[in-house]
Amino acid sequence: MTNAVETQSKPTFSSKAGDLASRSGLLIALVILFLGLAIFAPNFLTPRNLLNVLRAVAFNGIIACGMTFMIISGDIDVSVGSAVAWASALLGVLAIQQGWPLWLAVIFVVIQGAAIHAAAGYIRVKWAVPAFVVTLALFMSLRGAARLITNAFPITPFSDGFNFWGGGYVFDVIPVPVIIMLVTFVIFHFISIRTVYGRSVYAVGGNEESARLSGISVWKTRITTFALVGFLSAFSGIILSSRIMSGSSNIAMGLEFEVIAAVIIGGTSLMGGEGTIFGTFLGVLFIGLLGNGMVLMGINPFAQEVIRGLIILVAVLISVIRTK
């Protein structure tokens, strides 16, 4: 099976050149954006602002690692924002209202997050339901369930020590969520290039039938990918709850679109089979810097949405053109 997978995922010279061009283009765009904001956006280049940007993108970046695998495999998950809110609300109910030990509530929340998404993955492969439809159902039901168990009110307070994971610093300088995000990117980069599962994700997204004939379990690969996204969404919800020190059903509104946008801008093909974790990392930084810069420059919030939409459209068009 291993050899078959390696054969399926072996990149061609043209695909390597395309990936290199895509990543170089994004890197150049990122540098130009950074320099432009340093010149025109007031207070952009202060260490405090830059660290705040990294902390802000950390919650999305953690989920974006799993979303990259999801899109490479040919699926998409539009429910991650609701999954974050559900995890936060559930953690608040269990740890504060029900009095569970915090560590036990955390373990339960991440496990149920993975299990719910694994069940969605099972529905996806068992009845060939498009991933968009399955996760759209989760998008609505998880947010609704979160509001149901909390009456849409934040649940407070967590213990003071819990704030370290979302609001603390390492060496009094680097925000803890940034460290967690970087470690997550390193782990998923390793998985993508060094493991059979990582190569299977590319093979399934590139050509599902060929992957199946090569001995790859398409079911197992897809369900595992769904479970990973659910796990990371629940984990990010816990870190975000630590940051705001409450369990809330009203957080992470629109987060799914920022995560998907970062993955696409990072060069992952919506057609499946192509993409890198490093590209997603650059995409997360690009989205974060752009959002921060527009706020500092006082751009109208509605205009910010228009600009973000146009950038996503351009990224999708580039992705489509590259695959033709």
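**Exercise 1. Decide whether Gly 254 is buried, partly exposed or exposed, and place it in the fold.**

Step 1: Gly 254 has a relative accessibility of 29%. Step 2: buried means under 20% relative accessible area, exposed over 50%, and partly exposed in between (1.4 Å probe, protein chains only). Step 3: Gly 254 therefore counts as partly exposed. Step 4: Gly 254 sits in the loop between α11 and α12, where helices are DSSP runs (H or I, at least four residues) and strands likewise (E, at least two), numbered from the N terminus.

A word on the model: it is predicted, so local features need pLDDT of at least 70 and side-chain atom pairs count only at pLDDT 80 or more, while totals for chains, interfaces and linings use all residues. Residues are numbered from 1 along each chain as its sequence is written, and side-chain values use heavy atoms, with hydrogens and water left out.

**Exercise 2. Describe the surroundings of Ser 248.**

Step 1: Ser 248 belongs to the loop between α11 (218-244) and α12 (255-265). Step 2: its relative accessibility is 6%, so Ser 248 is buried. Step 3: leaving aside neighbours within four places in sequence, Ser 248 is in contact (heavy atoms within 4.5 Å) with Ala 85, Ser 88 and Ala 89.

**Exercise 3. Check the span of α4 and its burial.**

Step 1: α4 has 18 residues, and the expected span is 1.5 Å times one less than the number of residues. Step 2: this gives 26 Å, and the end C-alpha atoms are 25 Å apart, which agrees. Step 3: 16 of the 18 residues are buried, so α4 is largely enclosed by the rest of the structure. Step 4: just after α4, Gly 99 takes a positive phi of about 75°.

**Exercise 4. Trace the salt bridges made by Arg 222.**

Step 1: a salt bridge is a side-chain nitrogen of Lys or Arg within 4 Å of a carboxyl oxygen of Asp or Glu; the count comes to five. Step 2: Arg 222 pairs with Asp 75, their closest N and O atoms being 2.9 Å apart. Step 3: Arg 222 lies in helix α11 and Asp 75 in the loop between α3 (47-72) and α4, so the pair ties together parts 147 residues apart in sequence. Step 4: Arg 222 also meets Glu 208 in a salt bridge (2.7 Å, N to O). Step 5: salt bridges that share partners join Asp 75, Arg 124, Glu 208, Glu 209, Arg 212 and Arg 222 into one network.
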